[in-house]
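Welcome, and thanks for opening your viewer. Keep the selection panel at hand, and we will walk through this structure one stop at a time.

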Amino acid sequence: MNWNIIHGYVIGAAIPAALFFFFRAVYMRYRLLQACAPVPDPVAEHGTRLKEVLTFFLEQKKLFQDLKPGIMHAFIFWGFCILSLRTITMFGMAFYGFDFHLPGFGPDTFAGEGFAVLKDYTVVIVTVMVLYAMVRRYILKVPRLLNTPSALFVLLMILGLMVTDMIFEAGLRGASSPLAGHTAFLLHCLGILAFLVYIPTGKHMHILTSVFNVYLRPLHRSGRLTKLPLEDESVETYGTPNIENLTWKEALDLYTCTECGRCTEACPAASTNKKLSPRDVINKQKHFLVDDEAARLLSGDKTKEPSKDMVPDVVEAQEAWDCTTCQACEQACPLNISHVQRLNSMRRSEVLMKGKFPAELKRVFKGMQTNGNPWGMGAEKRMDWAKGLEIPLLENKPGAEYLLYLGCNSAFDDRAQKVSRSLAALLKEQGVSFAVLGESETCCGETARRLGEEAVGQALIEANVELFKELKVKKIITPCPHCYNTFKNEYPDFGGNYEVLHHSELIAKLMESGKLKPADNPQGRAVIHDSCYLGRVNSVYQPSRDILAGVPGLEVSEHERSKTKGFCCGAGGGRFWLEEGEPRINHARVKQLLETKPSIIATSCPYCMKMLSDGIKDLGATGVEVRDLSEIVSGPAAAVPK
Ligand code: SF4
Ligand code: SF4
């Protein structure tokens, strides 16, 4: 039997068939991207993007956040790169015989012999890694992994390719069993072609798209929601009422998701049994786009109605409302897939286009619209927190260096008011030149935008930008990480550009300069709770650590879920204003922090303060209290005098 002729004919026939199905599937998906909405920001800064892609793939840093599977994936990835040379060589062998080799990789060359050894080791390592992946999936049953038929198919396929390569080498090269060798060679080449056809149809599409997905990701967008063009009368849809309202980048995310479940594992909502699982949202949108809506979108007939509404038919409304916008999912995702904007867009279409939102938000939206704060409190109560402190108003002190912007929670909530007093007293004592807006202060717009009420959010922002312009505001200090993020990352879209400091940054600076010396007052054992909007969203982790390290008598501990792995208090994304079923996120967070046996939970956000204090109360925990950093530095704060 002339095996060379058989290889040539079989593989020669299979290659064009495989390429046809591969390119057909890729082209269909490419056209679906074209049918989606444009991205709001131009894809610029190519140098930065290129650098990020290179470090992303060479270092595989995000994968190593979860070390063991990260190592496993990295070896498979690098193995895949090395073995691609081997694959080309094998296809050459199919037509030119087994002596075929790539130029420069001949049998007696250094490159040829070196590669042969490297290839053998790589095959063994990839085999071991695939077996490890199977153990994790089917024996250890790691909860975040989905045991779908496609996951099994891919693992068996990779294993099959490694095994057939080994049999080919041993059987044919070693001449021990030519039949086994030839069969293995044929199966190996056909397996690669079958895999090629499969790639665009399943989760392994990420092999093709991940480079582009990382390259094209929104830069500088961590804490920034896109600005909706509300003034443009030609725009008829807001958010994502239909699948084609996803931007093409959001659709590319769908193709890129590997279903690894890291996002869902990190998600505080999913961890407390809420409806939301970020991975499932991605999966549902992907199948809806590719399986249900492709024919309609590719027909180009704009009069055809979508087969289902995005919410509630594809994604349940509760899933969108469960999100705290904490970004733990995006931090955990090895492929930089966006979830927060995606979920927010669904809230936007629900609120702006259908007027649908949880009943408890009616009062909140009204309060923001009519009184400029979600409580609906009258402006005359804005300065209650400052009673007896003689805090200057900016209109009376136009030369003040900083605007101290409290934010609604710090102005109205009883506990947060104490922090505001403590902070203002500290600033005065330190001689910081600051003033407040007083009764003119309104909400920064964050809550409304996070809750999908973009019209109210934009109105609040525009009014503030106007006011700040009149008062010549250049620098802002705020004790609220949500206001901080909004001023810093969202106001520039509305023409407001300021130097923004969170109070922890200012306090850390004052301490570093030696000006501020915390009292030598043994305080106990503190554990740090990072606010998501200060930490994960804006990477401000160090000031709180520097502050606590500088307080005499204070022992400081960290929970394993801190910094990038921090766990939300449950209040972000406007969830502070929404009902939550059991088990509650704030309870879960307090339980985690109590594992470090603290007497103080140190925080730097009025929302975290409230959620964690409530959690301690609900759980009946004793001997522990929540304190803001400013209180830890300057001693317990006094309540507002009656
Ligand atoms: S932002 Fe936070 S709550 Fe929302 S999906 Fe991601 S991890 Fe879950
Ligand atoms: S979105 Fe990212 S983290 Fe979540 S399953 Fe997909 S690839 Fe994994």
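**Stop 1: Leu-33 and its partners.** Begin by selecting Leu-33 together with Trp-248, Ala-251 and Leu-252, the residues that Leu-33 touches once those up to four places away in sequence are left out. Bear in mind as you look that this is a predicted model. Leu-33 belongs to helix H1, residues 3-35. Now add Glu-250 to the selection: its C-alpha atom is separated from that of Leu-33 by 9.1 Å, although the two residues are 217 apart along the chain. Is Leu-33 buried or partly exposed? Leu-33 counts as partly exposed because it has 18 C-beta neighbours inside 10 Å, and a buried residue needs 20 or more.

**Stop 2: the whole chain.** Zoom out and switch to a cartoon view. The secondary structure comes to 27 helices and eight strands. Along the principal axes, the C-alpha atoms fill a box of roughly 100 × 65 × 45 Å. Of the 642 residues in the chain, 43% are buried. Among contacts with a separation of 6 or more, 78% are between residues 24 or more positions apart.

**Stop 3: helix H2.** Select residues 46-59, the 14 residues of helix H2. From first C-alpha to last, H2 reaches 20 Å, close to the 20 Å expected at 1.5 Å a residue. Does H2 lie largely in the open or largely buried? H2 lies largely in the open, because the number of its 14 residues that are buried is one. Step on to Gln-60, which follows H2, and check its backbone torsions: phi is positive there, near 50°.

**Stop 4: the four-stranded sheet.** Next, colour strands S1 to S4. They form an open sheet in the order S2-S1-S3-S4, with parallel pairing. S2 (434-435) and S4 stand at the edges with a single partner strand each, so one side of each has no neighbour in the sheet. To follow the pairing of S1 (residues 402-404) with S2, look for two bridges in the parallel sense. Leu-403 is a good residue to label here, as it stands opposite Ala-435 in S2.

Move across to S3 (residues 475-478) and S4 (residues 499-502), which pair in the parallel sense over four bridges. Which residue of S4 is the bridge partner of Ile-476? Label Val-500 and you have found that partner. Then add helix H22, residues 481-490, to the selection: S3, H22 and S4 together make a right-handed β-α-β unit.

**Stop 5: ligand 1.** Centre the view on ligand 1, which 15 residues surround. The closest are Cys-267, Cys-323, Cys-326, Ala-328 and Cys-329. Helix H10 (268-271) and helix H15 (328-332) each supply at least two residues of this shell. Colour the shell by residue class and you will find 11 nonpolar, four polar and no charged residues.

**Stop 6: ligand 2.** Finally, centre on ligand 2, with 14 residues around it. Cys-257, Cys-260, Arg-262, Cys-263 and Cys-333 come nearest. Helix H9 (262-266) and helix H11 (278-292) each give at least two residues to the shell. Which helix supplies the largest share of the shell around ligand 2? That is H11, with three residues. Apply the class colouring here too: the shell around ligand 2 has nine nonpolar, two polar and three charged residues.

Terms used: Residues numbered from 1 in each chain as written. Chains lettered and ligands numbered in written order. Predicted model: local features only at pLDDT ≥ 70, side-chain atom pairs only at ≥ 80, totals over all residues. Near = placed C-beta within 6 Å. Nonpolar A, V, L, I, M, F, W, Y, C, P; charged D, E, K, R; others polar. Pairing = 2+ DSSP bridges. Right-handed = clockwise from strand over helix to strand, strands pointing away. Buried ≥ 20, exposed ≤ 12 C-beta atoms within 10 Å, placed from the backbone. Contact = placed C-beta atoms within 7 Å. Expected span 1.5 Å × (residues − 1).
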